[in-house]
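This report describes one protein chain, from its overall form to its cores and its metal site. Please keep the sequence and the structure in view while reading.

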Amino acid sequence: MSDSEKRVVRDNDVVSMEYTLKVDGEVVDSSEGHGPIKYIQGQHNIIPGLEKEIYGMAVGDEKTVEVSPAEGYGEEDPNAFVEVPKSEFPPEIPLEVGTPLQLRDNSGQVFDAYIAEVRDDTVVLNFNHPLAGKTLVFDVKVVGIREATPEEIEHGHVHE
Ligand code: ZN
């Protein structure tokens, strides 16, 4: 085995990775079609439950990683649901389950939400991340490893 074959992922490596994300058996995201993601290992560029499983993988290695909600997008916060009268929505917004919305509070901060339920006169908005409370199943394949440059490490992201 050559040295390059033994090269495994460690902190401050730029990792190129193909992935498919499944939730409840359905594919919700995939690198297929737009190429592998590139991120810096150890910089929390990706969710922690996945990142810790990538240590020690070599180019060509594949793995299925199951990530609990706590190590993924968090548990669903039952207080993050808000019921809003339908009359408060502009007519161009489709009042359908799943519609994503951005809301601005009085201080100008923007919050992402999506419609969780449509009732007779109201709509229930969910401010949780859409993947909160979900167990995430990733099929990953490492397709490239290189050391990050000092500048990339300082910035916390890949320059390419
Ligand atoms: Zn930069």
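Contacts, meaning heavy atoms within 4.5 Å, reach far along this chain: of those with a separation of 6 or more, 64% are between residues 24 or more positions apart. The model is predicted, so local features need pLDDT of at least 70 and side-chain atom pairs count only at pLDDT 80 or more, whereas totals for chains, interfaces and linings use all residues. Residues are numbered from 1 along each chain as its sequence is written, and side-chain values use heavy atoms, with hydrogens and water left out.

**Overall form**

The chain holds three helices and nine strands; these are DSSP runs numbered from the N terminus, with at least four residues for a helix (H or I) and at least two for a strand (E). Their order along the sequence is α-β-β-β-α-β-β-β-β-β-β-α. The chain is more spread out than a compact globule, because its radius of gyration is 20 Å, well over the 15 Å that the globule rule gives for 160 residues. That radius is taken over C-alpha atoms, and the rule is 2.2 Å times the number of residues to the power 0.38. Along its principal axes, the C-alpha trace spans about 65 × 35 × 30 Å.

**Nonpolar cores**

Of the 160 residues, 33% are buried, where buried means under 20% relative accessible area, exposed over 50%, and partly exposed in between (1.4 Å probe, protein chains only). A nonpolar core is a set of buried Ala, Val, Leu, Ile, Met, Phe, Trp, Tyr and Cys residues joined through side-chain atoms within 4.5 Å. The largest has 20 residues, and among those that touch the most other members are Met17, Leu50 and Phe138. Strand E1 (13-23), helix H2 (48-54), strand E4 (62-67) and strand E9 (136-147) each give two or more residues to this core. A second, separate core of six residues includes Val84, Phe89, Leu101 and Leu125.

**The zinc site**

Three histidines coordinate the zinc ion at 2.0 to 2.1 Å, through the atoms His155 ND1, His157 NE2 and His159 NE2. Donors are N, O and S atoms within 2.8 Å of the metal (3.2 Å for Na, K and Ca); water is not among the atoms, so sites may look incomplete. In sequence, the donor residues follow the spacing H-x1-H-x1-H. Accessibility values for two of these histidines and for Ser30, a residue of strand E2 (residues 26-30), are tabulated below.

| Residue | Relative accessibility | Class |
|---|---|---|
| His157 | 39% | partly exposed |
| His159 | 31% | partly exposed |
| Ser30 | 15% | buried |
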